[in-house]
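Grab a pencil and work through these exercises at your own pace. Try each task before you read its solution.

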Amino acid sequence: MKTVVLLYPTSCIYEIVILNYFLHFAGKEVLFVSPDGTPITAMEGYSINVSGKLTDIAPDEIELAIVPGGNIKAIDNPIVWNCLKDIKSRGGILAAICAGVDVLDHAGILDGVVSTHSSDLDVAVTDQVITSRANGYVDFAIEVAKKMNLFQDEADLQETISFWKDYRRMK
């Protein structure tokens, strides 16, 4: 199963860097995709090559789709909405942060779902949908990693929280 990160011009990479680190460290196959398969320039100025188009990957091969924030104009459309709905309908997990949450909302995915749009939470977690405000990027990464069973055990989770959230040195 694959994890796809939907990138687009102005994607905010800082919001998903820690999550991508966790996924790679756990050996997950992570593919960066864009709406049209072309490289993108992120909000921070990074040029990022992609593996292809979002629609080139079969929805039943995707276990996790990540939608970062940014100016969502390039991805806020029925093609992307239908793809995300298809991923969810096949059991995939959708994780969105900042303006990426708006894409899920516009797709109708957040109807009846506890999210950062329907609550005052910084990170909201349901069975298949995880949403976060921009400032929740560390908690977002940890919650998605928990949902994906990336931690070996409770001690591994607590060590991760200590390092990434509490800024404690590891011995």
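Helices and strands here are DSSP runs, numbered from the N terminus, with at least four residues for a helix and at least two for a strand. With that in hand, Ser132 can be placed in strand E9. One more thing before you start: this is a predicted model.

**Exercise 1. Work out whether Ser132 is buried or exposed, and find what surrounds Ser132.**

Step 1. Start with the cut-off: buried means under 20% relative accessible area. Ser132 has a relative accessible area of 1%, so Ser132 is buried.

Step 2. Now look for a polar partner. A polar atom of the Ser132 side chain sits 3.5 Å from the backbone oxygen of Gly136.

Step 3. Skip the neighbours within four places in sequence and list the contacts. Ser132 then touches Ala96, Ile97, Cys98, Val101, Thr116, Asp122, Val123, Tyr137 and Phe140.

**Exercise 2. Describe how helices H1 and H4 pack, using their angle, their axes and their contact residues.**

Step 1. What do you need to collect? Two packed helices are described by the angle between their axes and the distance between the axes.

Step 2. For H1 and H4 the angle is about 25 degrees, and the axes are 8 Å apart. That makes H1 roughly parallel to H4.

Step 3. Check the handedness: H1 passes H4 in a right-handed crossing.

Step 4. Pick out the residues that meet. From H1 come Ile18, Leu19 and Phe22, and from H4 come Tyr137, Val138, Phe140, Ala141, Ile142, Val144 and Ala145.

Step 5. Sort them by class, and you get 10 nonpolar residues, no polar ones and no charged ones.

**Exercise 3. Do the same for helices H4 and H5, and say what caps H5.**

Step 1. H4 covers residues 137-147 and H5 covers residues 154-164. Their axes come within 11 Å and cross at roughly 165 degrees.

Step 2. Interpret the angle: over 145 degrees counts as roughly antiparallel. H4 and H5 are therefore roughly antiparallel to each other.

Step 3. The crossing of these two, H4 and H5, is right-handed.

Step 4. On the H4 side, Val138, Ile142 and Lys146 make the contact, and they meet Leu157, Thr160, Ile161 and Trp164 of H5. The class count for this contact is 5 nonpolar, 1 polar and 1 charged.

Step 5. A bit of helix geometry helps here. An α-helix has 3.6 residues a turn, so residues three or four places apart point the same way.

Step 6. Finish at the N-terminal end of H5, where Asp153 is the cap. A side-chain oxygen of Asp153 lies 3.2 Å from the backbone nitrogen of Ala155.

**Exercise 4. List the buried residues of H4 and of H5, and say what packs against them.**

Step 1. In H4, the buried ones are Val138, Phe140, Ala141, Ile142, Val144 and Ala145.

Step 2. Their cover includes helices H1 and H5, along with strands E6, E7, E8 and E9.

Step 3. In H5, Leu157, Thr160, Ile161 and Ser162 are buried. These H5 residues pack against H1 and H4.

**Exercise 5. Which contacts do Leu110 and Ser115 make from the loop between H3 and E8?**

Step 1. Locate them: Leu110 lies in the loop between H3 and E8, and so does Ser115.

Step 2. Check accessibility. Leu110 counts as buried at 7%, and Ser115 counts as buried at 1%.

Step 3. Leave out neighbours within four places in sequence. Leu110 is in contact with Val101, Leu104, Asp105, Ser115, His117, Val129 and Thr131. Ser115 is in contact with Leu110, Ala124 and Thr131.

**Exercise 6. Find where Thr10, Cys98 and Asn149 lie, and give their phi values.**

Step 1. Recall the background: most residues other than glycine have a negative phi.

Step 2. Thr10, in the loop between E1 and H1, has a positive phi near 80 degrees. With a relative accessible area of 24%, Thr10 is partly exposed.

Step 3. Cys98, in the loop between E7 and H3, has a positive phi of about 55 degrees. Cys98 counts as partly exposed at 32%.

Step 4. Asn149 comes just after H4 and takes a positive phi of about 55 degrees.

How values were computed. Residues are numbered from 1 along each chain as its sequence is written. This is a predicted model: local features need pLDDT of at least 70, side-chain atom pairs count only at pLDDT 80 or more; totals for chains, interfaces and linings use all residues. Side-chain values use heavy atoms; hydrogens and water are left out. Axes are lines fitted to C-alpha atoms, for helices over the stretch in contact, and angles run from 0 to 180 degrees between N-to-C directions. Angles under 35 degrees count as roughly parallel, over 145 as roughly antiparallel, 65 to 115 as roughly perpendicular and the rest as oblique. A crossing is left-handed if the near helix is turned anticlockwise from the far one by less than a right angle, and right-handed if clockwise. Contact means heavy atoms within 4.5 Å. Ala, Val, Leu, Ile, Met, Phe, Trp, Tyr, Cys and Pro count as nonpolar, Asp, Glu, Lys and Arg as charged, and the others, Gly among them, as polar. Buried means under 20% relative accessible area, exposed over 50%, partly exposed in between (1.4 Å probe, protein chains only). A polar contact is a pair of N or O atoms within 3.5 Å; within protein, one must be able to donate a hydrogen and the other to accept it, and residues adjacent in sequence count only if both atoms are side-chain atoms.
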